[in-house]
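Thanks, everyone; I would like to take a few minutes on the charged side chains of this protein and then turn to one of its helices. Please have the sequence and the structure open as I go.

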Amino acid sequence: MNDTPATLTVDLIISLDGYASAEGWPGWWGLESPEYLVWLEEEGKKEFTTLMGANTYRVMSGMSEQATGADSGFSEEEGAALTGLAAMRKVIFSSSLQEPLAWPNSELVRGDAVEAVRRMKETGTGRLMTLGSLSLCRSLLVAGLVDRYRLVVFPVITGRTGRERIYDGYPDVSLEMVGSRTFGGGLQMLEYIPTLIDGPPAGRG
């Protein structure tokens with residue numbers, strides 16, 4: 001039985017200039033490498049609970065279902081990573097979605113997401129991981145609930161077409177690097193322990 005206290009990791013993909021996506025570009029900016037997709041599939045086999053908001057639920061559940069089709073348009077590696085999401089335990093924070101949720105292993109939670117996650121961390125065990133859901137991630141970080149902050153940085157700048165700026169509305173945060181990896185194609189995974197700070201450290205101005 002897993003009796004390790006619950007930990008929360010914010011898990012994001014990002015362009016070099018801080019966007020989560022870009023208009024007119026395919027998913028992963030078309031730069032996902034086979035090595036990265038295999039890593040995603042392996043990560044999906046680990047035991048954790050995925051947290052997301054309604055918009056991410058709609059997008060990812062649709063892609064996961066599409067990936068099960070014979071003519072899905074996804075590569076074998078992409079399809080495996082997407083279909084694997086169905087087996088994960090997922091907690092969806094939304095006041096607009098209605099039960100029952102069609103995506104398997106999905107639990108709907110209404111009310112304040114920050115307080116719900118706080119209770120999950122206080123009373124639960126194991127790993128909690130976010131998926132997309134930028135506003136949820138920001139709220140959890142501001143509340144001091146995030147134990148790890150993990151980014152996969154894609155080697156592209158989408159200054160003109162970039163959408164969904166990740167860091168808008170963030171507080172100042174100090175980051176201690178605890179892990180890194182470079183995938184084929186130049187993708188970089190960076191993992192940090194985040195600490196909220198009031199501003200620049202004294203004496204460094």
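**Salt bridges and a buried glutamate**

Let me begin with E43, which forms a salt bridge with R150, the closest N and O atoms being 3.1 Å apart. Since E43 belongs to helix α1 and R150 to strand β7, which covers residues 148-154, this pair ties together parts that are 107 residues apart in sequence. I should say early that we are looking at a predicted model. Both partners, E43 and R150, are buried.

E43 also meets K46 in a salt bridge, at 2.7 Å from N to O; here E43 is buried, with a relative accessible area of 9%, whereas K46 is partly exposed, at 43%.

Elsewhere, D168 and R165 form a salt bridge, with their closest N and O atoms 3.1 Å apart, and in this pair D168 is partly exposed at 40% relative accessibility, as is R165 at 43%. Through shared partners, salt bridges join D11, E43, K46 and R150 into one network, and the count of salt bridges comes to eleven.

What, then, of E32, which sits in the loop between β2 and α1? E32 is buried yet has no salt bridge, and the nearest side chain of opposite charge, that of R181, is 16 Å away. Leaving aside residues up to four places away in sequence, E32 touches G27, L37, E78, F154 and L187.

Finally, in helix α5, residues 134-142, the buried residues are L134, L136, C137, L140 and L141. These cover an arc of only 160° around the axis, which puts them on the same side of α5. Just after α5, G144 takes a positive phi of about 75°.

Key. Residues numbered from 1 in each chain as written. Predicted model: local features only at pLDDT ≥ 70, side-chain atom pairs only at ≥ 80, totals over all residues. Heavy atoms only, no water. Buried < 20%, exposed > 50% of the residue type's maximum accessible area, 1.4 Å probe, protein only. Helix = DSSP H or I, 4+ residues; strand = E, 2+ residues; numbered from the N terminus. Arc of directions from axis to C-beta. Lys, Arg positive; Asp, Glu negative; His and termini not counted. Salt bridge = Lys/Arg side-chain N within 4 Å of Asp/Glu carboxyl O. Contact = heavy atoms within 4.5 Å.
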